[in-house]
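Got your viewer open? Here's a short tour that tells you what to select next and what you'll find when you get there.

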Amino acid sequence: MGRSRELASVGAKTGVVAVTGSAGFLGSNLIRLLEEDDRIRRVVAIDLKPAPTGRTKTRSYEVDLTQSAAESRVAEILAAEHVDAIAHLAFLAAPSHATAWAHELESVGTMHVTVAARHARVRKLVLSSHTWLYGAHPSNPNFLTEKHPLRAPMSEPFFADKIEAEEQARKLAQRAPRTVVTILRTAPILGPTVHNVITRYLARKLVPTMMGFDPLFQFLHETDAIAALHLALLRDAPGAFNVAGDGVLPLSTVIKLAGRIAIPIPHPIAETLAAVGWVGQLVEAPPSFLKYLRFLCVADGRRAHSVMGFRAAHTSREALLDFVGAQRLRDVKLLSERTA
């Protein structure tokens with residue numbers, strides 16, 4: 001009997017799922033869910049180190065996606081394990097000063113994975129992406145749909161590499177029509193345990209903002225991000241999907257709820273400070289991110305609900321408050337360590 005068009009039908013153990021970036025936040029938490037799902041027969045973890053949440057179902061393979069031999073190695077693993085679907089999650093959650101390495105990991109690494117998937121005739125690929133790839137622009141509508149172009153600045157490697165990764169996924173869909181390719185563009189992820197560029201920004205006591213601007217923000221709770229990936233593996237839903245919690249919050253409200261103090265900075269001065277701070281590794285993001293402190297970049301998640309059947313269990317506000325609660329505990333712990 002051939003591979004079923006449904007990766008995991010109710011009550012059947014047919015799914016073999018590969019997870020790249022399996023040692024990272026999204027990968028390790030997704031594997032935890034897959035280990036508990038009776039519909040998934042085996043999990044194939046691909047990363048530089050074993051998946052920390054892998055148990056009896058999981059087989060770990062050490063693969064460096066930045067290496068030229070990665071394509072053939074991944075194809076070999078996928079074929080040998082009879083992989084049905086891949087969750088490609090090998091992406092950075094924050095900008096890196098090692099831009100050449102990041103490019104090899106995200107852009108070239110995605111090419112290795114997608115070509116390997118085509119050679120191994122994998123039935124499905126789910127790619128993790130970001131709503132920030134739409135870019136923050138004064139001309140943006142209130143809510144960006146999947147039909148809007150990705151206009152994040154290509155001069156910024158953090159965005160360019162992810163946009164190129166999406167293009168590699170689309171090429172796979174074109175060259176292998178029988179492969180279901182799903183792209184999940186998640187809003188900034190918040191929660192009690194995730195660490196990324198937005199959590200670093202909100203962890204500061206004094207939070208820089210752009211004077212005269214108060215853009216709307218939306219978030220996705222970390223558990224909803226994992227749930228969306230899980231659902232995408234179980235259901236055939238080709239194309240791109242925005243994934244976000246309901247509701248939006250002005251940045252001023254976000255900072256207030258986080259218990260931080262906003263420091264408004266004139267934009268020209270902020271550009272200079274951000275550039276110097278980034279070079280000196282004193283800030284969490286390069287100057288290109290300042291646009292997101294000025295202009296709107298929020299996404300419409302209705303397509304994920306109507307096509308995939310996904311609805312976030314937490315609102316943007318709830319995701320923020322869950323992060324805030326955990327951050328306050330970390331702040332108290334840090335203060336007690338300093339005074340001990």
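Before the first stop, one bit of vocabulary: two strands count as paired if DSSP finds at least two bridges between them. Keep in mind, too, that you're looking at a predicted model.

**Stop 1: strand 1 and its neighbours**

Select residues 15-20, which make up strand 1. How many of the residues of strand 1 are buried? The count is 6 of the 6, so the strand is largely enclosed by the rest of the structure. As a rule, side chains in a regular strand alternate between the two faces of the sheet. Colour Gly15, Val17 and Val19 one way for one side, and Val16, Ala18 and Thr20 another way for the other: both sets are buried, and both faces of strand 1 are covered.

Now add residues 40-47, strand 2, which runs parallel to strand 1 and is joined to it by 6 bridges. To see one of these pairings, click on Val16 and look for its bridge partner in strand 2, Arg42. Then trace how the chain gets across: it leaves strand 1, passes through helix 1 (residues 25-36) and arrives at strand 2, making a right-handed β-α-β crossover.

Strand 1 has another partner to show. It runs parallel to strand 4, with 4 bridges between the two. Pick Val19 and you'll find Ala87 of strand 4 standing opposite.

**Stop 2: a loop with an odd angle**

From strand 4 (85-88), step back into the loop that links it to helix 2 (70-80), and select His82 there. Most residues other than glycine have a negative phi. His82 goes the other way, with a phi near 55°.

**Stop 3: strand 6, covered on both sides**

Next, select residues 180-186. This is strand 6, and 7 of its 7 residues are buried. Val180, Thr182, Leu184 and Thr186 sit on one side, with Val181, Ile183 and Arg185 on the other.

Which strands pair with it? Show residues 124-130, strand 5, which runs parallel to strand 6 with 7 bridges joining them. His130 has Thr186 as its bridge partner in strand 6. Bring in helix 4 (residues 157-175) as well, and you have a right-handed β-α-β unit made of strand 5, helix 4 and strand 6.

Strand 11 (residues 239-243) also runs parallel to strand 6, joined by 5 bridges. Zoom in on Arg185 to see Asn242 of strand 11 opposite.

**Stop 4: Pro208 and a nonpolar patch**

Select Pro208 in strand 8 (residues 206-210). Is Pro208 buried or exposed? Neither label fits: its relative accessibility is 24%, so it counts as partly exposed. Try the distance tool between the C-alpha atoms of Pro208 and Leu125: they are 38 Å apart, with their positions 83 residues apart along the chain.

Leaving aside residues up to four places away in sequence, Pro208 touches Tyr201, Ile263, Ile265 and Leu293. Follow that contact to Ile263, in strand 13 (residues 261-265). Ile263 is partly exposed, because its relative accessibility is 34%. Turn on the surface and you can find a nonpolar patch of about 260 Å², made by Ile263 together with Leu206 and Ile261.

**Last stop: Gln281**

Finish in the loop between helix 8 (267-279) and helix 9 (302-308), where you can select Gln281. Its phi is near 55°, a positive value in a residue other than glycine. Gln281 counts as exposed because its relative accessibility is 59%.

Notes
Residues are numbered from 1 along each chain as its sequence is written. This is a predicted model: local features need pLDDT of at least 70, side-chain atom pairs count only at pLDDT 80 or more; totals for chains, interfaces and linings use all residues. Side-chain values use heavy atoms; hydrogens and water are left out. Patches are made of residues with over 30% relative accessible area and no salt bridge: like charges are joined within 9 Å, nonpolar side chains (Val, Leu, Ile, Met, Phe, Trp, Tyr) within 5 Å. Accessible areas come from the Shrake-Rupley method with a 1.4 Å probe; for residues, only the protein chains shown count as cover. A salt bridge is a side-chain nitrogen of Lys or Arg within 4 Å of a carboxyl oxygen of Asp or Glu. Buried means under 20% relative accessible area, exposed over 50%, partly exposed in between (1.4 Å probe, protein chains only). A crossover is right-handed if, with the strands pointing away from the viewer, the path from the first strand over the helix to the second runs clockwise. Contact means heavy atoms within 4.5 Å.
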